[in-house]
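Subject: Structure for your review

Hello,

Here is the structure I said I would pass on. My notes on the metal sites follow below it.

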Amino acid sequence: MPPGKQHGMHPSDLIDVDRLWRRLMRLAEFGATSAGGVNRQALSPEEIAARKVLAAWAREAGLTVLNDPIGNLFFRLEGTDPAAAPVLSGSHIDSQPTGGKFDGTFGVLAALEALCALASSAGKPRRPVEAVAWTNEEGSRFAPGMMGSEAFTGKRALDGMLAVEDVDGTSVRSALARVLAAEPDVSGRPLGFPVHAYVEAHIEQGPILEREETSIGVVSGIQGSRRFRVTVSGEAAHAGTTPRRDRKDAVLAAVGMIDALSGLAGDPEDVMFTVGLFRVKPNAPSVVPREAYFSIDLRHPDNDVLGRLGDAIPDCCHSNKGACAVAVEEIAHAPSLEFPGSLRESISTAAERLGLSWREIHSAAGHDARQLHYHCDSGMIFIPCRDGISHNESEWTEPHHVADGSRVLADVLWELADGR
Ligand code: GLV
Ligand code: MN
Ligand code: MN
């Protein structure tokens, strides 16, 4: 029992909301965009700078700073039983190119704040408690994402990840080497140590909690997703002299495929289908395009629907290729999952005790908790965000939501670390 509890207090009472909010705003300076958002790509100089500041805050609180071979960054508070598997909490600090201040960062800083609160109390939990910033959750620079959590849990091999290149030809291997070289004072540790439980706090990235004026989302599970990359190969030709019937126009073929795929996906309310990346070669106004390259992000909560629609994608592309050639590669397949009831109950109980409204909510977005759920009991806490907007520079949540989520997180971490 922490001394705080002996005096009728809980770890949530020690959360310093002003400090947490200041830190959220400070971290948003790394990769800040002119429209008020954040562009902090995985393993970039902006991320290296943000990691330095995080590590300094952790050391200030007396926490140990560690990293692993994929660059996951950990902050550790010892428990009274240092041999016990730690309770882990965190998220990611990389962003989409037009990202906001809160996606991922809230979960990392809420976990760090919980550790600072626990470290400032005179007592210690039995188990160690750790905060983590997972490497490359977003996958916008190096695809697919979730590299840190997938390497940690052994879902994907590190070697394959290291070979992945960004659009400029920089590999994960070389970008990661720069990150690790910038942290000579951080001790390395192996991937995949035992974890007692994992809890991730995150903004909802949807409108439900705000609309229903509910403070806390107890996440029941995460909807499944499949991601593809499609390369359409045609032939470059003169835009003025080559008759249209003789062309192999890769863009026109790709547009036909996307239109057919969108029809295949069916109900726009139900099936999430997105082509968010589209590149053309040579990308010159008077040259018939010789190559089009695009992404497909397909999501559905029902694994049967996800399986059926995803399996139909290659054939649909081939049926619409016309005179061009097409290659379809599936780069990620993550089924829908449910978090265990015991962790959901810990979160709802903590919210009730703090007098906060809560509801169960399904996550339509992907999170590192998806991977951790295969490794240990895992769960997630959502807080509302303005108009449900995310992956957008105007993403916003209010300080009181940040306060509520981080207070619930602190109490849940304490219970997991000192209980069963
Ligand atoms: C995570 O950012 C996702 O795309 O769901
Ligand atoms: Mn996120
Ligand atoms: Mn995101």
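Are Asp103 and His202 buried or exposed? Both residues are buried. Please keep in mind that this is a predicted model.

The manganese ion (ligand 2)

Three protein donors sit 2.0 to 2.3 Å from the manganese ion (ligand 2): His92 (NE2), Asp103 (OD) and His202 (NE2). Along the chain, the spacing of these donors is H-x10-D-x98-H. Asp103 and His202 connect distant parts of the chain, being 99 residues apart. Asp103 belongs to the loop between β3 and α4, while His202 is in strand β6 (residues 197-203).

The manganese ion (ligand 3)

For the manganese ion (ligand 3), the protein donors are Asp103 (OD), Glu138 (OE), a second Glu138 (OE) entry and His391 (NE2), at 2.1 to 2.6 Å. The donor residues follow the pattern D-x34-E-x252-H in sequence. Here the link between distant parts of the chain is made by Asp103 and Glu138, 35 residues apart. Asp103 lies in the loop between β3 (87-92) and α4 (105-120), and Glu138 in the loop between β4 (129-134) and α5 (147-153).

Asp103 counts as buried because its relative accessibility is 6%, under the 20% cut-off. Glu138 has a relative accessible area of 10%, so Glu138 is buried too.

How the two sites are joined

Which residue bridges the manganese ion (ligand 2) and the manganese ion (ligand 3)? Asp103 does, and the two ions lie 3.6 Å apart.

Regards

Conventions. Residues are numbered from 1 along each chain as its sequence is written. Chains are lettered from A and ligands numbered from 1 in the order in which they are written. This is a predicted model: local features need pLDDT of at least 70, side-chain atom pairs count only at pLDDT 80 or more; totals for chains, interfaces and linings use all residues. Side-chain values use heavy atoms; hydrogens and water are left out. Donors are N, O and S atoms within 2.8 Å of the metal (3.2 Å for Na, K and Ca); water is not among the atoms, so sites may look incomplete. Helices (H or I, at least four residues) and strands (E, at least two) are DSSP runs, numbered from the N terminus. Buried means under 20% relative accessible area, exposed over 50%, partly exposed in between (1.4 Å probe, protein chains only).
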